[in-house]
Amino acid sequence: MPSDAASAPRRLTIRKVTPDRPWVWLNAGWRDLMANPRIGFFYGGALAAAGWLLIMILLGVRSAWVILPASAGFFMIAPLLATGLYEASRLRAEGKAVTFSACLAGFTRNGQQLAFLGVVLVILHLFWVRVAALIFMLMFGINFTPSLEDLPFAMLRSDMLLPFLIVGTGAGAILAAAAFAISAISIPMLVDRDISTMEAIVLSIRAVLTNPGAMIFWAGLIVVFTAFAMVPFFLGLALVVPLIGHATWHAYKDLVVEA
């Protein structure tokens, strides 16, 4: 019969890594993607299609100015959307079959806690869109209503364009940093372990604070890769999303250890 010490759950702690460690995570993520390309590219293609749909809806309701903040908000909720990719990496690491149905089942592993964290990220996203709308109105005024065709040139002619870009970028960076800190490794952790959302968030924040060099570098790579992926009509997301998703799983497994 095992002793109480042997049967007690082990405490999770954060491992310190070198600042260039994200390259290791990307390499491992690439191997996962190449092992199951259909699943990875399906996820990425679905998000690219969602991007097209979002643009069409916003253009249809004559709210083109929302496209930029909504696209920026993608960084806040994308970690949750990649849950199936984390499950694919987990199954592969355990030598199990990686199928579409098994990956989708990842959303039901610790489902209530994943849903709670998803609500937090969606609220952050919606809050960012509201903040962006407020900044837009404060900078350009409520009477600034050029047609969709004239909007880019009207903004370029305005003296408020530079302040708008500075303030908007600053506000977006603060919210994006908060979203990154709470979701950097928390979602794959919820997929992998039976823990609460708050425990996962605390460990995620600790991972960022313990490894500022590596996590800032990792966040920068995510922003650069995703930004370039969005440029060609979101087509690049078909590759970037699964690559970063699988790499995020390996970041979690690399950073979180049992004491």
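In which helix do Glu87 and Arg90 both lie, and how many residues apart are they? I looked this up before anything else and found both in helix 5 (residues 83–93), 3 residues apart, about one turn of the helix.

**Ground rules**

I note at the outset that this is a predicted model, in which local features need pLDDT of at least 70 and side-chain atom pairs count only at pLDDT 80 or more, while totals for chains, interfaces and linings use all residues. Residues are numbered from 1 along each chain as its sequence is written, and side-chain values use heavy atoms, with hydrogens and water left out.

**The chain as a whole**

I looked up the secondary structure of the protein chain and found 13 helices and 2 strands, where helices (H or I, at least four residues) and strands (E, at least two) are DSSP runs numbered from the N terminus. Of the 259 residues in the protein chain, 46% are buried; buried means under 20% relative accessible area, exposed over 50%, and partly exposed in between, with a 1.4 Å probe and protein chains only. I read the accessible surface of the protein chain as about 13600 Å², with 71% of it belonging to carbon and sulfur atoms; such areas come from the Shrake-Rupley method with a 1.4 Å probe, and for residues only the protein chains shown count as cover. I also looked at contacts, meaning heavy atoms within 4.5 Å, and noted that residues 24 or more positions apart account for 78% of those in the protein chain with a separation of 6 or more.

**Confidence**

I checked pLDDT, which is the predictor's confidence in each residue, from 0 to 100. The mean for the protein chain is 84, and 86% of its residues reach 70 or more. Among the elements of the protein chain, helix 1 (residues 4–7) has the lowest mean pLDDT, 44, and helix 2 has the highest, 96. Over residues 1–8 the pLDDT stays under 50, and for this stretch the model has 0 contacts beyond four places in sequence. I keep in mind that where pLDDT is low, the predicted coordinates should not be read in detail.

**Helix 5 and its salt bridges**

Returning to helix 5, I found it mostly covered, with 9 of its 11 residues buried, among them Thr83, Tyr86 and Leu91. After helix 5 comes Gly95, whose phi is positive, near 75°.

I then looked for salt bridges, each being a side-chain nitrogen of Lys or Arg within 4 Å of a carboxyl oxygen of Asp or Glu, and by this rule the count comes to 9. Glu87 forms one with Arg90, and the closest N and O atoms are 2.8 Å apart. Glu87 counts as buried at 3% relative accessibility, and Arg90 is buried as well, with a relative accessible area of 7%. I noted further that Glu87, Arg90, Glu94, Lys96 and Arg109 are linked in a network of salt bridges.

**Asp254 and its partners**

Is Asp254 buried or exposed? Asp254 is buried, because its relative accessible area is 11%, and I located this residue in helix 13 (residues 237–255). Not counting residues up to four places away in sequence, Asp254 touches Arg15, Val17, Arg21 and Trp25.

Arg15 forms a salt bridge with Asp254, the closest N and O atoms being 2.2 Å apart. This pair links distant parts of the chain, with Arg15 in the loop between strand 1 and helix 2 and Asp254 in helix 13, 239 residues apart. Arg15 counts as partly exposed, at 33% relative accessibility.

Arg21 is found in the loop between strand 1 (12–14) and helix 2 (22–35), and counts as partly exposed because its relative accessibility is 26%. The side chains of Asp254 and Arg21 are joined by a polar contact of 2.6 Å, a term for a pair of N or O atoms within 3.5 Å in which, within protein, one must be able to donate a hydrogen and the other to accept it, and residues adjacent in sequence count only if both atoms are side-chain atoms. The C-alpha atoms of Arg21 and Asp254 are separated by 9.3 Å, although the two residues are 233 residues apart along the chain.

**A last pair**

I finally looked up Arg193, which forms a salt bridge with Glu258, the closest N and O atoms being 3.2 Å apart. Arg193 lies in the loop between helix 10 (186–192) and helix 11 (197–210) and Glu258 in strand 2 (residues 256–258), so the pair ties together parts that are 65 residues apart in sequence. Arg193 is partly exposed, with a relative accessible area of 21%, and Glu258 counts as partly exposed at 39% relative accessibility.
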